[in-house]
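Let's read this structure together, one question at a time. Keep the sequence and the model in view.

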Amino acid sequence: MATNRRDFIKKAVMALAAIPVLSSLDASAEETNTQRDMKKIMIIDGGPRKNMNTAAMLEKFAEGARSAGAEATIVRLYDLDYKGCRSCMICKIKGKATNVCKFKDALTPVLDEIAQADGLVLGSPIYFGDVTGQMRTFLERLAFPWLSYNDYSMTAPKKMPVVLIETMNGLPERNNSQGYGSMEYCIEAALGKPERLVAYNTYQVKNYDNFELAGFSEPAKRQWRDEHWEQDLQKAFDAGKRMAEKN
Ligand SMILES: Cc1cc2nc3c(=O)[nH]c(=O)nc-3n(C[C@H](O)[C@H](O)[C@H](O)COP(=O)(O)O)c2cc1C
């Protein structure tokens, strides 16, 4: 009898205790589903200036993506303390090879999030014909774990749409940009063919009168900006929206 009573009380307590647990599980399942339905887009800013051309293009891209219901996260590489690939070879250890860099620093959570994202955007000003050092350094950490030295294949954790954004002084018909250079091949092999968006002949400073920039014609720059900048931003917005809407 005493055992029966104890069993009854035990069952009743367990049943009562289960109610809030079950309802919170339901709620978190719902939340997870909503989060899963929402596209997650990672936007990597490889430029140092927070309010200038590259940042504005990336902000517009994010706006476009959010307008179509995606979650867009902008990561500013210049705010993070990290280094390039250290050739530690941990990603290639026999039997434990991994396609996400395991070196622990400020880039670790960013690389982990990219591995699970639904889209990736890389943005950089062109410096001496290339992406910035900060972007290049980031790309070493992103892409080296993709590369198999067994068969030279490039395998990311997940294929996803990629947009590469560049801003530069050069013109469409005259520029020295190698853009993402050899990294573009790695990105294409691992993630899929990227789309490329370029803002040419950008306005490099807010007031040309204050700087030794006589090699540029300020009126010509201003005219180009007036004729192209809004369109460049619109292209970034549209690309963001498209990425968010992609199946
Ligand atoms: C260090 C440095 C190197 C640059 N090299 C180039 C270059 O090789 N080709 C070019 O077209 N523009 C070059 N630029 C101009 C920038 O690419 C251009 O102004 C860009 O839009 C700046 O981006 P931001 O406004 O986001 O900083 C250079 C600028 C700097 C500061």
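Q: How many residues of the shell around the ligand are nonpolar, polar and charged?
A: This is a predicted model, where local features need pLDDT of at least 70, side-chain atom pairs count only at pLDDT 80 or more, and totals for chains, interfaces and linings use all residues. Residues are numbered from 1 along each chain as its sequence is written. The ligand is surrounded by 19 residues (C-beta atom, placed from the backbone, within 6 Å of it). Ala, Val, Leu, Ile, Met, Phe, Trp, Tyr, Cys and Pro count as nonpolar, Asp, Glu, Lys and Arg as charged, and the others, Gly among them, as polar, and the split is 7 nonpolar, 11 polar and 1 charged.

Q: Which helix supplies the largest share of the shell around the ligand?
A: Helices are DSSP runs (H or I, at least four residues), and strands are E runs of at least two, numbered from the N terminus. The largest share is 3 residues, and they come from helix α2 (residues 53-67).

Q: Where do the buried residues of α5 lie on the helix?
A: A residue is buried if 20 or more other C-beta atoms, placed from the backbone, lie within 10 Å of its own, and exposed if 12 or fewer. In α5 the buried ones are Met-183, Ile-187, Ala-190 and Leu-191. Seen down the axis, they fall within an arc of 80° (taken from the directions from the helix axis to the C-beta atoms), so they line one face of the helix.

Q: Which exposed residues does the face of α5 turned away from its buried side carry?
A: The buried side has Met-183 as one of its residues. The face turned away from it carries Ser-182 and Tyr-185.
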